[in-house]
Amino acid sequence: MDWMQGPMLHQSYPGRVNLCVDLGASHPVDEVGIRFLGGTPWDLTAGIDLPGWIEVFVADERRGPYRKIATYSRFTPGDDERHGVPRPAGQPLVFGFRFPRLGARGRFIGIRFYANSYVATDELYVLRGGTGDVSGEPSDFSVSEVQMFFHKPAVHVSPDIATPLPIGCVGVRSEKPKSLVVALTVPKGVRILQGGLYAQSVGEATVTEDAQGITYTWRFDTTLKLPRKGSQTGSDKAFARLYWIGQPDEGAPQALRHQVMWGDYRSPVIETPIVVHEIPEPKISPRRLRTSLGWWRFQDTPLWPDWKKAFRHVGINTVCGFPKQYIVDDAKTLQRVQAFLTEAREFGFHVEMIDNPLRRLWIKGARHNRAGQGRPEHREILCQFEGGRTGTRLCPSYRGRFFREETARLGRAVALFRPDAITMDIEVWSDQCADPPKCTRCRARKQEQRIASWDEWKKRQGIEIWSALYEACGSAAAESALATPDIGVFEWTTGEVFHTVFPIDELYPERLHNLQPRFYAPFGPHHLRVIGRHLRAQRRRIDRNDLKPWLGTGDFGPFTGETFHYALLECFLNGARGFLLYSNRTLDADLLAGYARATRTIAPFENIVVDGEPIDVTVEGMGRASAMKLDSQMLLLVEDYDREVDEVRLRLNVADEVVVHDLDDGAKVGVLGPGKAVLLTVPVHDVPARLLHIGPSDSQESEGQF
Ligand SMILES: [Zn+2]
């Protein structure tokens with residue numbers, strides 16, 4: 001509600017949202033409707049999107065029990081068509097969901113939806129009428145108690161490796177602590193190994209076993225402080241992360257059951273279907289591609305049971321960590337971190353350091369400034385205005401003691417981490433660095449540097465600041481006898497002057513080694529194409545496959561592992577030699593299975609991805625293709641994500657006879673050429689896309705790569 005105008009309900013990617021309408025008295029309910037904004041008009045980042053799913057409930061009392069009378073879900077095949085939901089295509093839209101002919105009765109109408117990225121709604125209605133004899137199914141919907149929720153309509157598990165099960169929670173805070181009891185029952189064949197729920201570990205749960213399976217019960221007193229400032233209600237997408245493994249035995253329920261009790265409230269037992277994903281060990285792991293979990297907290301990794309095995313199966317070859325959490329005067333912590341890093345390296349993992357230099361410098365100055373007292377010398381960090389006042393942002397001319405301390409800290413972090421790669425996040429001038437024209441220090445420095453335009457002058461400061469950070473990393477690496485790490489910065493891409501300060505094209509490739517556009521969106525067909533097209537456009541401006549995009553993992557709207565797999569292929573087939581992920585909150589076995597599928601298919605051909613050249617392919621009619629070529633071999637991703645055609649027809653120039661293989665199943669698709677504009681017909685009636693390998697007939701089969 002804070003940065004959208006008008007009487008709209010708006011929240012940024014909060015997950016589950018519950019609303020309730022009081023009709024004043026019990027009425028027969030014929031139809032319920034609710035209108036949302038959608039269309040994700042911002043292509044590269046989380047735009048406004050329709051909810052991923054919506055449920056409608058009725059009750060006679062506000063406190064419930066509520067009964068479910070209608071649902072819509074993007075995850076249910078055919079539901080979008082049934083509701084006439086328009087496909088996001090980069091254009092804003094308004095869409096009203098209608099739930100007609102409900103035939104129910106009640107005084108309270110509950111509406112629950114899963115909010116993707118940003119959600120905005122301005123109107124809902126309830127129409128009176130109908131028979132009123134539909135009772136609906138029991139539910140745990142509530143606007144006065146507490147509910148746990150999952151991020152997809154099913155929960156996902158693997159028999160091969162332990163994977164995280166992320167659980168969210170919505171609730172209303174209590175004045176006084178009340179007893180919260182959460183009981184989770186997994187079917188026989190499945191076990192929870194590790195993790196925690198609202199600061200309680202699995203070890204603290206009571207474990208009982210019966211014919212149904214194993215029940216883990218957590219019991220503690222709480223006021224339920226969920227992270228929603230200034231509000232009595234809260235939603236926490238990361239209420240629990242449990243690590244589980246297995247698959248339900250034959251005859252056992254193929255569902256996870258849970259029940260929540262809070263004070264005298266008792267929810268019904270809710271069953272959520274379990275989907276099993278095989279994630280076997282791959283024959284070939286990626287070595288040159290940079291594959292990691294990105295924004296996954298370093299200290300969480302040792303909690304992941306047998307994490308080295310899990311990472312190998314998924315195709316993760318790099319562990320990421322944030323040194324800012326460890327650069328403390330605590331010898332024990334440092335020792336633990338170094339022991340972990342040594343262990344990771346011994347098992348062949350690369351190490352990537354993620355850091356946000358300058359941010360604490362800015363906060364250090366701003367915090368003391370806001371308080372109006374404290375240590376006034378810290379205000380020197382900020383822009384200096386006439387009359388002794390200061391701005392609220394870091395001053396781009398400031399190179400004083402705290403700046404030197406910050407670059408030194410970065411160097412110490414490199415010496416501690418010994419990273420193969422460094423990713424930085426420098427978001428201190430999101431106001432486009434507006435203060436300098438009012439700053440006496442900036443004005444003096446501009447005069448001294450004899451630069452006429454503010455734009456040019458800011459770029460000069462950006463180059464100076466970045467060079468200081470870059471050299472701090474480089475010299476620390478050299479002193480520790482390390483190769484220069486692969487360095488990139490979040491959102492720094494070609495053709496841009498980031499925040500009007502950092503001229504990327506003047507830094508890449510000598511002082512900046514990779515470019516990191518971000519794709520934070522609820523991936524659907526439109527967004528998958530945006531990923532591929534945007535990366536390819538970036539790649540055209542540079543000479544190597546130095547793209548390393550950030551991808552969302554569902555925080556901006558959940559999607560399937562299969563979709564995630566296509567998102568990764570769009571990266572690899574359009575100039576990316578690695579990727580990073582944000583965030584860690586909704587990572588599950590479904591996404592990890594998609595990750596594993598993409599890396600397993602690509603790993604044997606990673607040289608084409610890392611060293612190859614993107615080439616243009618002519619598509620006749622509908623469909624789209626992305627190709628990467630290296631010497632006589634080519635990878636080709638052919639898509640019809642919208643499922644509009646049965647086949648995609650391509651024209652290829654083939655110098656010698658080549659063989660086409662489908663990399664998903666290794667099947668030989670055909671033999672082509674030689675010739676100019678040879679026709680290749682790719683069937684896509686049963687899949688959204690196909691990944692093909694094209695190469696000389698004698699090159700690959702002998703190596704057993706298919
Ligand atoms: Zn300044």
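**Notebook: a buried helix, a zinc site and the domains**

I began with helix α11 and listed its buried residues, which are A589, D590, L591, L592, A593, G594, Y595, A596, A598, T599, T601 and I602. I note here that the model is a predicted one, and I keep that in mind for every entry below.

I then asked what this list says about the surroundings of α11: 12 of its 14 residues are buried, so the helix is largely enclosed by the rest of the structure. I also checked the length of α11, which runs over residues 589-602; at 1.5 Å a residue it should span 20 Å, and its end C-alpha atoms are indeed 20 Å apart, which agrees.

Next I turned to the zinc ion and looked up which protein atoms are its donors: they are the SG atoms of C383, C395, C439 and C442, lying 2.2 to 2.4 Å from the ion. Along the chain these donors follow the spacing C-x11-C-x43-C-x2-C. I looked more closely at one pair, C383 and C395, which are 12 residues apart and link distant parts of the chain, with C383 in strand β23 (residues 382-384) and C395 in the loop between β24 (390-394) and α5 (401-417). Both C383 and C395 are buried.

Why is the arrangement around the zinc ion tetrahedral? I found that the 4 donor atoms subtend angles of 101 to 118°, which makes it so. For comparison I wrote down that the ideal angle for four tetrahedral donors is 109.5 degrees.

Last, I looked up the domain assignment, which gives domain 1 (9-138), domain 2 (150-276), domain 3 (356-488) and domain 4 (614-703). The C-alpha centres of domain 3 and domain 4 lie 49 Å apart.

Definitions and conventions. Residues numbered from 1 in each chain as written. Predicted model: local features only at pLDDT ≥ 70, side-chain atom pairs only at ≥ 80, totals over all residues. Heavy atoms only, no water. Domains from an automatic or database assignment. Helix = DSSP H or I, 4+ residues; strand = E, 2+ residues; numbered from the N terminus. Expected span 1.5 Å × (residues − 1). Buried < 20%, exposed > 50% of the residue type's maximum accessible area, 1.4 Å probe, protein only. Donors = N, O, S within 2.8 Å, 3.2 Å for Na, K, Ca; no water. Tetrahedral: all angles 85-135°; square planar, octahedral: opposite > 155°, others 65-115°.
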